[in-house]
Amino acid sequence: MHTEAQSECTAFLMGKALEFFGNHIRRFRREVDDRDYFKIIEESLDRGEILDAIGQALETRGIPLPKSFGEKNSDEGLDMKELRRDLTPKDFKILMMNRNSRQAVPEILDELWTEESCRDAMRQAILDMVEVIRSRLPPSGSRKDDFRERFQELVRLFELSENEQDVLLLAHLLDCKVLESPGRERSHDGKRKINKLLPWLNLSLQQLRSIFSTDQKLRRYQLIDEDLDYNNHFDSFLYGLTDEPLEHKFYARLKGEALPWGYFGSLAEKHGETLKALIRNRKPDRAFHVLLYGVPGSGKSSFAQSLAA
């Protein structure tokens, strides 16, 4: 479920997206198969700022333009041999501004990233741009951020660790396409999917595998589904599309009065105290499950309500 509300990336979400993207670009060494990988840059800075950053990074490292640029721009009236030998940020910006005004920024980024001789310079240029975008975000707490407040409510309810929070936020940002993988989407088993997520996070492989274990909170509370993808069942709460308390997705408070314990006679007498003792002595971070069975109308729901009262 993707809504208009989700497309409005809050300062909190954008800050986390930039953090994850920075982690990934530092570690990524291959060519990019999906140019949408760079869209977080394209959508946050104007074309001139992006070209300035690229030109500065290439000049700083003394890296010439790839020969392919000369072939594609031989009719621009610029001395491409001279440019490749003595490139300045201004030359690069003029060249790219004149080149093809319809050429999308992700295409420029991808073309230069593909050239191994330019890749380290491009990595630094992109990281510099990430910091520029981050510096323009509103300071934390300077304005109301409903998503952040609701996310923190979810964190408190499930008692999520910082690492679990990061994994959940990354899964959400990938699900709603704020972040895009550099590779084409293919079906992955759990092991491969974990390996794909790892570069975005400051976690070890062992830590990430542990977080995705079925007995850990993200899987146990179904915040992450069986395919290790974000469960967007929670979006209606996170984006304020419902006033229903988050807890109601898991349980509802009894309205009215429960039947007195003695109403259940021998059942309460034989098993009631044992059940109460088991519930009292359960581990604080573990649920306690009771299976009641019987024909409809035999009092299962009423017994559960009285037990919980």
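**Exercise 1. A patch on the surface**

Which residues make the nonpolar surface patch of about 350 Å²? Find them, then look at Ile279.

*Solution.* Before we start, a word on the model: it is predicted, so local features need pLDDT of at least 70 and side-chain atom pairs count only at pLDDT 80 or more, while totals for chains, interfaces and linings use all residues. Residues are numbered from 1 along each chain as its sequence is written, and side-chain values use heavy atoms, with hydrogens and water left out.

Step 1: get the rule. Patches are made of residues with over 30% relative accessible area and no salt bridge; like charges are joined within 9 Å, and nonpolar side chains (Val, Leu, Ile, Met, Phe, Trp, Tyr) within 5 Å. Accessible areas come from the Shrake-Rupley method with a 1.4 Å probe, and for residues only the protein chains shown count as cover.

Step 2: name the members. They are Leu278, Ile279, Phe288, Val290 and Leu292.

Step 3: zoom in on Ile279. You'll find isoleucine 279 in helix H16 (residues 265-280). Helices (H or I, at least four residues) and strands (E, at least two) are DSSP runs, numbered from the N terminus. The relative accessible area of isoleucine 279 is 31%, so this residue is partly exposed. Here, buried means under 20% relative accessible area, exposed means over 50%, and partly exposed is in between (1.4 Å probe, protein chains only).

**Exercise 2. The whole chain**

Work out how many helices and strands the protein chain has, and what share of its residues count as buried.

*Solution.* Step 1: go through the secondary structure. There are 17 helices and zero strands.

Step 2: check burial. The chain has 309 residues, and 39% of them count as buried.

Step 3: look at the surface. It comes to about 18,300 Å², with 46% belonging to carbon and sulfur atoms.

Step 4: pick a covered helix. In helix H8 (residues 105-114), eight of the 10 residues are buried. Asp110, Glu111 and Trp113 are among them.

**Exercise 3. Two buried helix residues**

Is asparagine 23 buried or exposed? Say what it touches, then do a similar check on isoleucine 54.

*Solution.* Step 1: place asparagine 23 in helix H2 (residues 11-27). With a relative accessible area of 8%, asparagine 23 is buried.

Step 2: list its contacts (heavy atoms within 4.5 Å). Skip the neighbours within four places in sequence, and asparagine 23 is left touching Pro199, Trp200, Leu201 and Asn202.

Step 3: move to isoleucine 54 in helix H4 (residues 47-60). Its relative accessibility is 1%, so isoleucine 54 counts as buried. Glutamine 124 is 70 residues away along the chain, yet the two C-alpha atoms are separated by 8.7 Å.

**Exercise 4. Rings**

How many aromatic pairs are there? Describe one of them.

*Solution.* Step 1: apply the rule. Rings of Phe, Tyr and Trp (its six-membered ring) pair if their centres lie within 6.5 Å; planes under 30 degrees apart count as stacked, over 60 as edge-to-face and the rest as tilted.

Step 2: count. You get 14 aromatic pairs. In one of them, phenylalanine 147 and phenylalanine 151 have ring centres 6.3 Å apart and planes at 5 degrees, so the pair is stacked.

Step 3: see where the pair sits. The two are four residues apart in helix H10 (residues 146-158), so about one helical turn separates phenylalanine 147 from phenylalanine 151. Both are buried.

Step 4: spot a cluster. Phe21, Phe28, Tyr37, Phe38, Trp113 and Trp200 form one aromatic cluster.

**Exercise 5. Salt bridges**

How many salt bridges does the structure hold? Compare where the partners sit in two of them.

*Solution.* Step 1: count the pairs with a side-chain nitrogen of Lys or Arg within 4 Å of a carboxyl oxygen of Asp or Glu. The total is 10.

Step 2: try glutamate 180 and lysine 39, with N to O at 3.6 Å. Glutamate 180 is in the loop between helix H11 (162-175) and helix H12 (190-197) and lysine 39 is in helix H3 (residues 39-42), so the bridge ties together parts 141 residues apart in sequence. Both partners are buried.

Step 3: now take arginine 123 and aspartate 120, whose closest N and O atoms are 3.6 Å apart. They are three residues apart in helix H9 (residues 116-135), so about one helical turn lies between them. Arginine 123 is buried at 9% relative accessibility, whereas aspartate 120 is partly exposed at 45%.
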